[in-house]
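Please find below a colleague's note, prepared for discussion of the structure shown here. The points are numbered for ease of reply.

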Amino acid sequence: MAVTSRTRVGIVGAGPAGLLLAHLLALHGIESVVVENRSREYCEARQRAGLLEAGTVELLRGVGLGKRLDAEGMEHGGIYLQFDGQRHHLDFRSLTDGRWVTIYAQTEIVKDMIAARLAAGAVIEFSASDVAVSDVTSDRPVLSYRDASGVAHEVSCDVIAGCDGFHGICRPLVPNLSVYERAYPYAWLGILADAAPSTDELIYSRHRDGFALYSMRSPEVSRLYLQVAPDEPVADWPDDRIWAELQKRFAVDGWSVSEGTITDKSVTAMRSFVAVPMRHGRLFLAGDAAHIVPPTGAKGLNLAFSDVIVLAGALRAALLDGSWELAGAYSDMCLDRVWRATHFSWWMTSMLHVAPGQDPFESQLQLAQLRYVTSSRAAAKSLAENYCGYKPLSLQAPA
Ligand code: APR
Ligand code: PHB
């Protein structure tokens, strides 16, 4: 016999989307339960991109999650674009109305949110198994799971939030889903290295042998990526080969990538994916459960948080005021921003990567586009506006 209980919102997944949703709902006085099939340690160690739009930083500050972010996050007022062996700076502050981005690793945001939930006395069911959702077209959907010690639970909810990422169980519950996708013929080999970054801002480099990105995690830790084949075995990349390839793809006169001990190495596939609609009955999808962007535009986490802001507002109206109008508009409201970010991420990706067998015509188009964004203020402004966050959402003050 399962242990039965009742909550208002059942949240599947303790990634950034699920954790932020639980946090915002709690600020509105709405109870939720978060069920996660991985361990807390796994969730806190998963390496992902770490670039926050200013709107995302302001959101996190506004809801009490800004303390460590403010102390440790690194504000960047622009990026470098490199091609044909030349490095060009784009100054976002002057191209936009003073906007900027912050480097703060997703692992740290996840740690901060887990700590905040637990400090508030909330329960996050880590290491759950047999997670399932049912009755989403009734007004009492059920979230069932087996907890870490093997006890079966059935939680009766008003609403279920599917924040369970790309491989989750919630998206398949939406019937007649339209799926739009693009798999790219390359992947990113990402490393973390104990090396002080030799750049003050991120470098996006298009090299004829493939793209490379120079990012960072702190003044002592670099995060670097190399374009590789989608099925590239990590084992084919001993440390020496990685550093040599990075030095080559970032080469400019009188400058080099600073090297150090590599502490993490992994290969991530690149895809664009959008599932429509993001709601079915009382089930709402948010974040990677509904859409994926390639990391070149650094939009994934920001988009997931935008969904959650819209969802928290809609659930507040529905569950506290009995008005389901915003809930009805949820999918369309999110998809407007999702498609803009999908276009930007695809565009950045296509401009900077060299596809296997790419013909010279395409290479010339990429270089023409790169020369355009680094010489036309209007073109640079468009890149900067998208990179810093197009139409950032502001948080509705909790009641
Ligand atoms: N039951 C419970 N939890 C599940 C299940 C399941 N069946 N399937 C997946 N999960 C969990 C995953 O283990 C993960 O912790 O759901 C969580 C989903 O988290 P993310 O994949 O991080 O997705 P999301 O919260 O939407 O965050 C989006 O992730 O991919 C990046 O760039 C993206 O930064 C963005 C962020
Ligand atoms: C990162 O720091 O991991 C990062 C930054 C910018 C990107 C992608 C990843 O576009």
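The points below address a small set of strands, a helix and the ligand.

1. Status of the model. The structure is a predicted model, and the remarks that follow should be read accordingly.

2. Sheet order. Three strands form an open sheet in the order β4-β8-β5, and their pairing is antiparallel. The edges are occupied by β4 (51-53) and β5 (74-76), each of which pairs on one side only. From one strand to the next, the twist averages 30°. In general, the strands of a sheet pair through backbone hydrogen bonds, in either a parallel or an antiparallel manner.

3. Pairing of β5 with β8. Strand β8 comprises residues 101-103 and pairs with β5 over three bridges in the antiparallel sense. Within this pairing, M74 stands opposite I103 of β8.

4. Helix against the strands. Helix α3, formed by residues 54-62, lies across β4, β5 and β8. The helix runs at about 85° to β4.

5. Surroundings of ligand 1. Which residues come nearest to ligand 1? Of the 23 residues around the ligand, these are E36, R46, R48, Q106 and D288.

6. Polar distances at ligand 1. A polar side-chain atom of Q106 is placed 2.5 Å from an oxygen atom of ligand 1. Two backbone approaches may be set beside this: a polar backbone atom of N37 lies 3.3 Å from a nitrogen atom of the ligand, and a polar backbone atom of L301 lies 3.3 Å from an oxygen atom of the ligand. Ligand 1 on its own has 710 Å² of accessible area, of which the protein covers 89%.

How values were computed:
Residues are numbered from 1 along each chain as its sequence is written. Chains are lettered from A and ligands numbered from 1 in the order in which they are written. This is a predicted model: local features need pLDDT of at least 70, side-chain atom pairs count only at pLDDT 80 or more; totals for chains, interfaces and linings use all residues. Side-chain values use heavy atoms; hydrogens and water are left out. Two strands pair if DSSP finds at least two bridges between them. Helices (H or I, at least four residues) and strands (E, at least two) are DSSP runs, numbered from the N terminus. Axes are lines fitted to C-alpha atoms, for helices over the stretch in contact, and angles run from 0 to 180 degrees between N-to-C directions. Contact means heavy atoms within 4.5 Å. A residue is near a molecule or strand if one of its heavy atoms lies within 4 Å of it. A polar contact is a pair of N or O atoms within 3.5 Å; within protein, one must be able to donate a hydrogen and the other to accept it, and residues adjacent in sequence count only if both atoms are side-chain atoms. Accessible areas come from the Shrake-Rupley method with a 1.4 Å probe; for residues, only the protein chains shown count as cover.
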